[in-house]
Amino acid sequence: MGKRNGHDFDGHCVCEVVRTIKDIQDNAVSPIECEECTSCFNEPLGSLVSPTEEEPVDTRVFVLSNADGSPFHAFFSGQNEACVSIFFRVEEVFDNCCATLRVLIPGNCQNGGFCPVQLVSKGCCIDLRRVCQVDRFMASNDCITVDLKCFCAVQCIADVFLGICD
């Protein structure tokens, strides 16, 4: 068993990172100053947001990468034409390296509100240009259960408030 940033690793890397995200979410406290390099291991929950952020946070948004480097995606109940997301919130980690992930609806703030962003272009692939337009997230009611050993990478995107009740 090894250690990284004070966390024990005895299994698959992605599994341990997602488990750590869950622990950080469960122990959410007020934000501290931002660190130079953001990482999924930044504690407490809220440390991935700007230090001027006044809103509480309850979610660390992350993406998972498949073996070929492509973003893992899942479906959510449609918001107009948008129904695919690469953004997740961990709800539960169980049975060594399985997890229940909530699919987050990607959006942006055109016209001051929440506008879902359609990430798929021409019914085929995740359009990375559209991913770059995402600047906010909304919780869906859709969850997916995954084997975390199937992924090569995890990247934390933001700490946000979604109003999720545990």
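User: What counts as a disulfide here?

Analyst: A disulfide is a pair of cysteine sulfur atoms within 2.5 Å of each other. Keep in mind that this is a predicted model, where local features need pLDDT of at least 70, side-chain atom pairs count only at pLDDT 80 or more, and totals for chains, interfaces and linings use all residues. Residues are numbered from 1 along each chain as its sequence is written, and side-chain values use heavy atoms, with hydrogens and water left out.

User: Why does Cys-98 have a sulfur too far from other cysteines for a bond?

Analyst: The closest cysteine sulfur, in Cys-97, is 7.1 Å away, so a bond is ruled out. Cys-13 fails the test too: its sulfur sits 9.3 Å from the closest one, in Cys-40, which is too far for a bond.

User: How many disulfides does the structure hold, and how are the cysteines paired?

Analyst: The structure holds 3 disulfides. Number the bonded cysteines in sequence order and the pairing reads 1-3, 2-6, 4-5.

User: What makes Cys-15 and Cys-97 a disulfide, and what does the pair tie together?

Analyst: Their sulfur atoms are 2.5 Å apart, and the pair counts as a disulfide. Cys-15 lies in helix 1 (residues 13-26) and Cys-97 in the loop between strand 6 (88-94) and strand 7 (98-108), so the bond ties together parts that are 82 residues apart in sequence. Helices (H or I, at least four residues) and strands (E, at least two) are DSSP runs numbered from the N terminus.

User: How do you know whether Cys-15 and Cys-97 are buried or exposed?

Analyst: By relative accessible area: buried is under 20%, exposed is over 50%, and partly exposed is in between (1.4 Å probe, protein chains only). Cys-15 has 1% and Cys-97 has 3%, so each counts as buried.

User: Why is the disulfide of Cys-40 and Cys-156 called right-handed?

Analyst: Because the torsion about its S-S bond is about 120 degrees. The S to S distance is 2.1 Å. Cys-40 is in the loop between helix 1 and strand 3 (59-65) and Cys-156 in strand 12 (residues 153-160), so this bond ties together parts 116 residues apart in sequence. At 7%, Cys-40 counts as buried, and Cys-156, with 12%, is buried as well.

User: And what about Cys-124 and Cys-125: what is their S to S distance, and are they buried or exposed?

Analyst: Cys-124 is joined to Cys-125 by a disulfide at 2.3 Å. Cys-124 has a relative accessible area of 57%, so it is exposed, while Cys-125, with 41%, is partly exposed. The unpaired cysteines mentioned earlier are partly exposed: Cys-13 at 47% and Cys-98 at 23%.

User: How many aromatic pairs are there, and why is the one between Phe-62 and Phe-88 given its type?

Analyst: A search of the whole structure finds 4. In the pair of Phe-62 and Phe-88, the ring centres are 6.5 Å apart and the planes are at 45 degrees, so the pair is tilted. Phe-62 is in strand 3 and Phe-88 in strand 6, 26 residues apart, and their pair links distant parts of the chain. For the rule itself, rings of Phe, Tyr and Trp (its six-membered ring) pair if their centres lie within 6.5 Å; planes under 30 degrees apart are stacked, over 60 edge-to-face, and the rest tilted.

User: What makes Phe-62 and Phe-88 buried, and which cluster are they in?

Analyst: Phe-62 has a relative accessible area of 0%, and Phe-88 has 0% too, so each counts as buried. Ring pairs link Phe-62, Phe-72, Phe-88 and Phe-151 into a cluster.
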